[in-house]
Amino acid sequence: TIADRIIVKQRKKVLAVHLITGGSGFIGSNLAKLLIARGEKVRILDLWIDPNADKQIEFFIGDINDRILVDRAIEGVDFVHHNVALVPLSKAGNEYQRVNVQGTQTILEAAIKAKVKMFSHMSSSAVFGLPTKMPITNETDRKPIEIYGHAKLAGEKLVLAAANEGMKVTIIRPRTVIGTGRLGIFQVLFEWIADGSNIFVIGEGSQLFQFVHVDDLCEVSIRACLQDTPGVYNVGTDQYGSLREDLEFLCD
C-alpha cells in the first residue's frame, strides 16, 4: 500500500541515532516507538529487553554505572534520552543515590566525551515537593520532601552543571504519566473496577488532579532534540478535573 511504501522510505532515511537509557520501561519503550515511526535509529541501554520491542532496536544490556558498556552504547550517538531511574514505589533506599544520581553522572560524562548533540533528562515534578503557589513555573522553589525527590533534584543539578559548561541539555518534569500499557499503582485500581468493587477516596475527591499522556511526554523529549530547543520543561496539561470526576469517567 502507499502507507507501507511511505513507512519503508522513512525507515531507509535514518535521520539520527538516539540512545534511550531505561528504554525497556513504560516511557522509554513509547519513546522508542515514536522515534522509529519518524525513521530515527534507536539504541536502548537497560537491564532487560522488552520482548515486544521493534527488531530494528539495538540493545545494550547492563547497568547504567557500567562505564565500559555505557561508552560502547553511546559511541556514534546524536541524542541521549536519559530515562533510567528507580521510581518511588520501589522504596529503594540508598539505591536511589547509586542509580538516579551516580547513574546520571555516568551517562552525562559519557555523553560529554562522545560530544552528543543534546542530552535530554527525564526528571520529576517531585523535585518541587509541596509547592504553595500555583501554577508551577521554572521560578518555583525546588524543595523535595522525600528521598526519591531529593535524588531527582541531585540528578537535575548534575545536568544543569553540564549545561553551564556548554552542553546542550533538556530537563523534563512530568506530572503523573498515563497511557496504554501503564500499570504500576494503577493496576490495583483497574482490578477493582473490573471486579465491580467500590472505589475509595480520601475526603470528597474534589482535589484537582493533573496527568500527562505518555505520547505527549515523549514528544517533548523528541522535539527538544530534533528541533534543537534545549531548556527546562514542566509537562502537564491545561485540561484536568477533580479526582472524583476522573474516577467516575474511568468507571463509566
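## A look around the predicted model

His-121 sits in strand E5, which covers residues 118–122. Keep in mind that this is a predicted model. With a relative accessibility of 2%, His-121 counts as buried. What does His-121 touch, if we skip residues up to four places away in sequence? The list is His-82, Thr-104, Gly-155, Glu-156, Val-159, Thr-170, Ile-171 and Ile-172.

One of those partners, Thr-170, makes a good next stop. Thr-170 belongs to strand E6, residues 169–174. Is Thr-170 buried or exposed? Its relative accessible area is 0%, so Thr-170 is buried. Setting aside neighbours within four places in sequence, Thr-170 is in contact with Met-118, Phe-119, Ser-120 and His-121, and also with Ala-224, Thr-229, Pro-230, Gly-231 and Tyr-233.

### Two helices side by side

Now for a pair of helices. H4 takes in residues 95–114 and H5 takes in residues 147–164. Their axes are 8 Å apart, and the packing angle is about 15°. Angles under 35 degrees count as roughly parallel, and H4 and H5 are therefore roughly parallel to each other. As for handedness, H4 passes H5 in a right-handed crossing.

Which residues make the contact? From H4 come Tyr-96, Asn-100, Val-101, Thr-104, Gln-105, Leu-108 and Ile-112. H5 brings Ile-147, Tyr-148, Ala-151, Lys-152, Ala-154, Gly-155, Leu-158, Val-159 and Ala-162. Sorted by class, the contact of H4 with H5 has 11 nonpolar, 4 polar and 1 charged residues. There is a link back to the starting point here: Thr-104, Gly-155 and Val-159 are listed in this helix contact, and Thr-104, Gly-155 and Val-159 are also among the residues that His-121 touches.

### Rings that pair up

The structure holds 4 aromatic pairs. One of them joins Tyr-96 and Tyr-148 in an edge-to-face arrangement, 6.0 Å centre to centre with 65° between the planes. That pair links distant parts of the chain, with Tyr-96 in helix H4 and Tyr-148 in helix H5, 52 residues apart. Tyr-96 counts as buried at 3% relative accessibility, and Tyr-148 counts as buried at 9%.

Then there are Phe-186 and Phe-190. Why is this pair stacked? The ring centres of Phe-186 and Phe-190 are 6.2 Å apart and their planes are at 20°, so the pair counts as stacked; the cut-off for stacking is planes under 30 degrees apart. Phe-186 and Phe-190 are 4 residues apart in helix H6 (residues 186–195), which means about one helical turn separates them. Phe-186 is buried, with a relative accessible area of 14%, whereas Phe-190 is partly exposed, with 34%. Ring pairs also tie Phe-186, Phe-190, Phe-209 and Phe-211 into a cluster.

Phe-190 has another partner to mention, Leu-250. Leu-250 lies in helix H8, residues 243–251, and counts as partly exposed at 40% relative accessibility. Apart from residues up to four places away in sequence, Leu-250 touches Leu-189, Phe-190 and Ile-193. From Leu-250 to Val-220 is 30 residues along the chain, and their C-alpha atoms are separated by 26 Å.

### Backbone oddities

Some background first: most residues other than glycine have a negative phi, and most peptide bonds are trans. Against that, two residues and one bond are worth a look on screen.

Where do you find the cis peptide bond? A cis peptide bond joins Met-134 and Pro-135, with omega about 0°. Pro-135 has its place in the loop between E5 and H5.

The positive phi values belong to Lys-115 and Asp-228, neither of them a glycine. Here they are with their surroundings:

| Residue | Phi | Loop | Relative accessibility |
|---|---|---|---|
| Lys-115 | about 55° | between H4 and E5 | 72%, exposed |
| Asp-228 | about 55° | between helix H7 (214–226) and strand E10 (231–235) | 41%, partly exposed |

So which loop should you zoom in on for Lys-115? Lys-115 is found in the loop between H4 and E5. E5 is the strand that holds His-121, which brings the tour back to its start.

Definitions and conventions
Residues numbered from 1 in each chain as written. Predicted model: local features only at pLDDT ≥ 70, side-chain atom pairs only at ≥ 80, totals over all residues. Heavy atoms only, no water. Axes fitted to C-alpha atoms, helices over the stretch in contact; angles between N-to-C directions. Parallel < 35°, antiparallel > 145°, perpendicular 65-115°, else oblique. Left-handed = near helix turned anticlockwise from the far one by under 90°. Contact = heavy atoms within 4.5 Å. Nonpolar A, V, L, I, M, F, W, Y, C, P; charged D, E, K, R; others polar. Phe/Tyr/Trp six-rings, centres within 6.5 Å; stacked < 30°, edge-to-face > 60°. Buried < 20%, exposed > 50% of the residue type's maximum accessible area, 1.4 Å probe, protein only.
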